[in-house]
Structure formats: structure tokens, C-alpha cells
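Please read the explanation below with the model open beside it, turning to each region as it is named. The walk begins with the whole chain and then moves from one region to another.

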Amino acid sequence: MKSSSSPLLIIILPLLSHLTPITKADPLYQICQNRGNYTTNSTYESNLNLLLHTLFSNGPTTGFLNDTQGSSPNQVFGLALCRGDTDQSACASCLSNAVQDVVQLCPYQMGAIIWYENCQLRYSNAAFFSKADPSLLYLVNTINISDPGPFFFYLGGVLSSLTDQAAHDTRMFATKEVVVKGVTEMYVLVQCTRDLSPNSCDQCLQDAVGQIPACCAGKSGGRVVGASCNLRYEKYKFYRKSTLTVEPVVVGGGGSPALAPSKTTMATQGSKKNALRPIVRVIIPVLILFMIACITFVCFLKKKIAKNVPNQGDANQITDIDTIVFHLVTLRNATNDFSEENKLGEGGFGIVYKGTLQDGQEIAVKRLSKSSSQGLEELRNEVVLVAQLHHRNLVRLLGCCLEEEEKLLIYEFIPNTSLNNFLFDPTKGGELTWETRYKIIEGIARGLQYLHEDSQLKIIHRDLKASNVLLDEKLIPKISDFGMARLFDMDQTQCNTNRVVGTYGYMAPEYAMHGLYSIKSDVFSFGVLCLEIITGKKNSHFCTSDGVFDLLSHVWRYWTKGKVLEVVDPVLDDFPGNKVMQCIHIALLCVQEDAIIRPNMSSVVLMLSNYSTSVRVPSRPAFSFGDSEPNQPMLIESQPMMSAEDFTELEPR
């Protein structure tokens, strides 16, 4: 799927979300890529037929096959993938349908991809092996969930764990069952195409996980589907028993199963599907004409925006962006044309490169991907907001560039990359002594205090986490990545959003569940980050042998037992117990479920620097379940499989 097809998807998919495919095999969805057409009896058609036969014949043996037929300019590249829990017979049946349907649904197209419940098939006249395609679609279970806060809190941890597991599994496939007594149960599956490297698989799945807050908030099930990876979660068991399936992580007993659709409902859906088929044939041509008009308008609008990026706020213009604009040729020269050797890292929004200007100044250039969900609005946020901020614990923005459809942000270069790369690395973690960790905690707190209270603006970061804290050559922390930040009026206390963004495990409950954010949302994230710094454990990858599945519950358990110093990172041989206790105490206050009783950051800074400050006793943290019989086994009831008809709202990323 090329980025050039994105406008097409944006227009057509919401309209097609209530229609069903017109083939007997009922694919979840198909995309006919805009890569040109071939003709009947052409060399390309012959090569394509040979390729499809090979994929169908040999693909089911291992569940994955990529192959080519012919030579340029008529070479065809193809890939077949079956879901990791699918047996050889089911895989063969699915691929048989795919081979028949794809040439009917995308006649004479030189590139196409089709998805089913148990398999996917892809071919193209362009090489795509070993390259993670960033385009993603999602399907949503329409059933709402009664306990979204705890459910999505745990889901974030499960997905992070499975992402890493699948990336390093030989079949790039992983499942997990999690049951939390009296709270929720969930079944999760992730998979990549096996031509990807572990890093590419991990990044693809991370991007897919990042879509869940936008697509599936409050829903009991959903899936994100891409050409290179996919994931799915439900409150019932939708995958088959497999040697690759991770054994259930039983945290307790209880929980109620999700209701399966009745046969009557499914039969009704089938009759509607048949009635809609003639409508599809009428609507498609109309949609194509509509798309052409919309695409033309969008292209015109993008050019206008690129020439003149608006400032945030008509009444109070914050900055003149033209004063900090870099030319694209300057950045190409500085980064050696964005070479792989200059690549510093890659995230959900794009790649960061190191560059050196002609005067010798080192810079970091964030190149937003064309398929990134961070568009002009987020770019404007980051430029307008960060350009006005000056604090030793905030990364300094030098400028931006909007040329030739590029969206680039230029920062000061921070040599030691992120706190994430130090804190959770077995070797580098030892470089962070307690004194260094305390200075990092204090520096982050002072940076947030400046954002919330001391700058001329009032800014909510909304995505504070270890990977968004950079460390300079002296290991001084600098908060970065303001693309999701929001500007508040100085007398404003709370705001609501329909677009929940951020990272699971760091999001405050009122934000994850209801879209309400305030400075107290950042305080919650700070509390989680503080506990990560002290324990050396990542909240999103946390699980203990006795069934505790999140860092907050782990720390709270030891706090209530009076043994909280046992949670300290074991690489710290020597540390002041009273100071560590003080930091854990403050962190627990920051992660309280009620936002009102969380301290503001000026109070946090005062408590960190003053032993004599009176501090109240914390109560149970948000989403924490303490010692609720973690080893108590339970019987997991199997649920009926859900069919494709039970999903609606198919939309692009």
C-alpha cells in the first residue's frame, strides 16, 4: 500500500464501512494498489498466475511464503501469510479463496492486497520484501466495554509484551490470555510477516498499537490490520489452541464473558449483505467521481498550507514561524541526504537523523513520515509551543522546514539519546547511580513545573514517558516531543478531547477513559516515570512470577507490607533509604486515581527538595489491585468465534 493511495482510503472507507465485500469468500477487506494495469495474455499476467499458484501450493506448508516470478519490467513479487494458529488445511482453504478473489476484485491491477480471517495475500510489480509498510486499517467490535479503564490499562501492557515477543519469535506470532479477578479478561494476538527484521516487526506493531486509542477506545474488541503486521484483542477467545499460544496469565478468578452474537442476528446480517450487493455496484462509480473532486481539493489545500503555516490563536499570535525556517537543501547537506548512517532512532511519527551544519553545529532532525498521523496541526503545535520555551530541562527547538512535502523539525543535538535507552538496558542501567537518578527525577519535575506554571504559556505535554526524556552529556534530563501538547488558558483547569493520544501505562485514568486532560494528567505520567526510574522496570512490559501485571500494583504491594525498598533496581548497590522512600512516597501520590488529590508539580518539586515538608499518606494507586489472591486459579470458558460481519467501522489510519 503506497502513501499515494491514502486520500482514496480516507474518502472511501468510512462510506464502505457499512457495506460488505461482494465475493463468496468474504474477505475482511482488499486494496487494489494504484500501480498500473496489465493486459490479457501479457507476460505480466502469466508471471502473476504462476506466482499465485506457487503461493497457494507451497504457502500452507509453513504458513508463510514470499516469492517472485519473471524479470523486469514484468517481474511480480508476492507474499502469502496465514495466521499463526491456523492449521495447514485451513491455511490452504483461505489462500485458495484469496487467489480466486484477488484477481476478481482487482482485475488487471499490477498490485493488490487482500485480508481474510485466517490469511492475507499480497502481490506487486515493485519489490516490497523486508520493508515494513506503514499503512494501517482498523476494524472495531461495536460492543462497548463496561470497565474501559482497567481493561485498556492492562491491554497496553499485554500488547507491549507481545510486540517484543513476536518480533523475536521465529514465526513472528504471539498470543496471550490474561485474566484479572473481578476486573476483566482479554485475549490478544499479534503477528508480522516473516520477511521483516525483528526491529521492523517491533516498529510495525508499535505503530499498530498506537492506533488503538484513536480507533477502539471504550470498545471490547478491535483489530489493526496492515500489509506487514496485524493485531487483535477481544474479551473472548477467538484464536485456536496452538503450541505457540502463550499459557494464560491467571491473576485471579471471576470475570464475565462477552456476549456472542445470536444466530438470528447473523442471519439478518447475511440477508442485508445480499441486498446491498446491487447497491455496491451503483455507489462505487459515484464514489470515484466524488473522490477525484476531493483529492483535487485536498492537494490544493495542502499546497496552500505548506506555503503559509498558520499560528495557533488568531487573537494572540505566539510566534512568527518564518523566523526559524530552515531550507531543505541545508538539511540534506547536514544529514548527508538523510543517510542511514546518520539515523538516530525511529518512532511512530518518523525518523530522527543527526546532522552537522556548515558552522559545525550539531543538530537533530525529526523527519515526519508522509503516512504519520502527526500532520500540520501537530507540527504547528511543536514549532509554536516549543519555540517559546526556554528551560534547562526542556529540549530546545531550533526551527522547522516545509518544502517538497517534507515536514521536518530541527532540535539541538542531545548526545546520550533517551532515558529509555539507559534505564532499561542491562549494561547502561548501571551507569545511572542513585544520585544521577534522583537528579533526573528532580529535573523532569522542574521541567514540568515550568510547562504548567512558570512559563508565559500553560502547556500540557500529554505523552510524558522515558523515551521522551533525553539525556545530555552530563545526563541532565530534557523533556522532548511536544507534538501532542496542548495549550491552556492560564485560568483553565481541565479540557476534553475526542482524540485520546499518548502511551498506555502512562495515561491517567480520567484521560484514558473519558478524554479529560489537565496538568494532573501529566502529574500521573510523572508518577509512573518516577517509579520506573527507581525500580528500573518498564511499566508496559511488567509482569512478576506471582501474577502482578503492572508496576503500580507491584510497588503498592510492597509499600503496604513495609518492604518497599525491595522494589529498588538491583543494580543500585548503595542508596539512601530515606531519600528513596521519599521519592516512592511522592510518586504514589502522583498516581492516585482521583486527579484532585494528586499534587501539582510545584508541590512535587518542594517535596523532593525538602525533607521537613508534611506529606499525606497515599491511598491505593489507580488501576492497582493489591494482594487480591494473585495465585488463585480460574476456569477460562471458551467463547464462540466472531465472524467478519460482527465488525464495522472500517477506517484507515
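What follows is a guided description of a predicted model, taken region by region.

Taken as a whole, the protein contains 16 helices and 23 strands, and of its 653 residues 55% are buried. If one considers the contacts between residues at least 6 apart in sequence, 71% of them join residues that are at least 24 apart.

A good place to begin is the open sheet of five strands, whose order is β1-β4-β5-β3-β2 and whose pairing is antiparallel. The edges are occupied by β1, residues 29–32, and β2, residues 64–69, and because each of these has a single partner strand, one side of each is left without a neighbour in the sheet. From one strand to the next, the twist averages 5°. At the β2 edge, β2 pairs with β3, residues 76–82, in the antiparallel sense over six bridges, and within this pairing Asn66 has Leu79 of β3 as its bridge partner.

Two helices can be followed against this sheet. Helix α2, residues 43–62, lies across β2, β3 and β5, the last of these being residues 119–124, and runs at about 160° to β2. Helix α3, residues 88–105, also packs on the sheet, where it touches β1, β3, β4 (111–115) and β5, and its direction makes an angle of about 40° with that of β5.

The loop between β2 and β3 holds Pro73, and here the backbone deserves a closer look. Most residues other than glycine have a negative phi, and most peptide bonds are trans. The bond joining Ser72 and Pro73, however, is a cis peptide bond, with omega at about 10°. Two departures in phi are found elsewhere, in the loop between α8 (328–334) and β12 (343–347), where Asn336 is placed and where Asp337 is placed as well. Asn336 has a positive phi of about 55° although it is not a glycine, and Asp337 likewise has a positive phi of about 55° without being a glycine. As for its surroundings, Asp337 is partly exposed, with a relative accessible area of 46%.

The next step is to look at helices that pack against one another. Helix α4, residues 148–167, and helix α5, residues 198–209, pack at an angle of about 155° with their axes 8 Å apart, an angle that makes α4 roughly antiparallel to α5, since the cut-off for that description is an angle over 145 degrees. The contact draws on Leu159, Thr163, Asp164, Ala166 and Ala167 from α4, and on Pro198, Cys201, Asp202, Leu205, Gln206 and Val209 from α5. By class, the residues of this contact between α4 and α5 divide into seven nonpolar, two polar and two charged. The crossing in which α4 passes α5 is right-handed.

Helix α4 appears again around helix α14, where it is among the elements that cover the buried residues of α14, together with α13 (519–535) and α15 (577–590). Which residues of α14 are buried? They are Leu551, Leu552, Ser553, His554, Val555, Trp556, Arg557 and Trp559. Because eight of the 10 residues of α14, which spans 551–560, are buried, this helix is largely enclosed by the rest of the structure. Just after α14, Gly562 takes a positive phi of about 75°.

Helix α15 leads on to a further helix pair, in which the axes of α15 and α16, residues 601–609, come within 10 Å and cross at roughly 165°. That angle makes α15 roughly antiparallel to α16, and the crossing is right-handed. On the α15 side the contact is made by Lys579, Gln582, Cys583, Ile586, Leu589 and Cys590, and on the α16 side by Val604, Met607 and Leu608. The contact of α15 with α16 comprises seven nonpolar residues, one polar and one charged.

A last stop is Gly515, which is found in the loop between α12 (509–514) and β22 (516–517). Is Gly515 buried or exposed? Gly515 is buried, with a relative accessible area of 2%. Its C-alpha atom and that of Ala217 are separated by 9.7 Å, although the two residues are 298 residues apart along the chain.

Terms used:
Residues are numbered from 1 along each chain as its sequence is written. This is a predicted model: local features need pLDDT of at least 70, side-chain atom pairs count only at pLDDT 80 or more; totals for chains, interfaces and linings use all residues. Side-chain values use heavy atoms; hydrogens and water are left out. Two strands pair if DSSP finds at least two bridges between them. Helices (H or I, at least four residues) and strands (E, at least two) are DSSP runs, numbered from the N terminus. Axes are lines fitted to C-alpha atoms, for helices over the stretch in contact, and angles run from 0 to 180 degrees between N-to-C directions. Contact means heavy atoms within 4.5 Å. Angles under 35 degrees count as roughly parallel, over 145 as roughly antiparallel, 65 to 115 as roughly perpendicular and the rest as oblique. A crossing is left-handed if the near helix is turned anticlockwise from the far one by less than a right angle, and right-handed if clockwise. Ala, Val, Leu, Ile, Met, Phe, Trp, Tyr, Cys and Pro count as nonpolar, Asp, Glu, Lys and Arg as charged, and the others, Gly among them, as polar. Buried means under 20% relative accessible area, exposed over 50%, partly exposed in between (1.4 Å probe, protein chains only).
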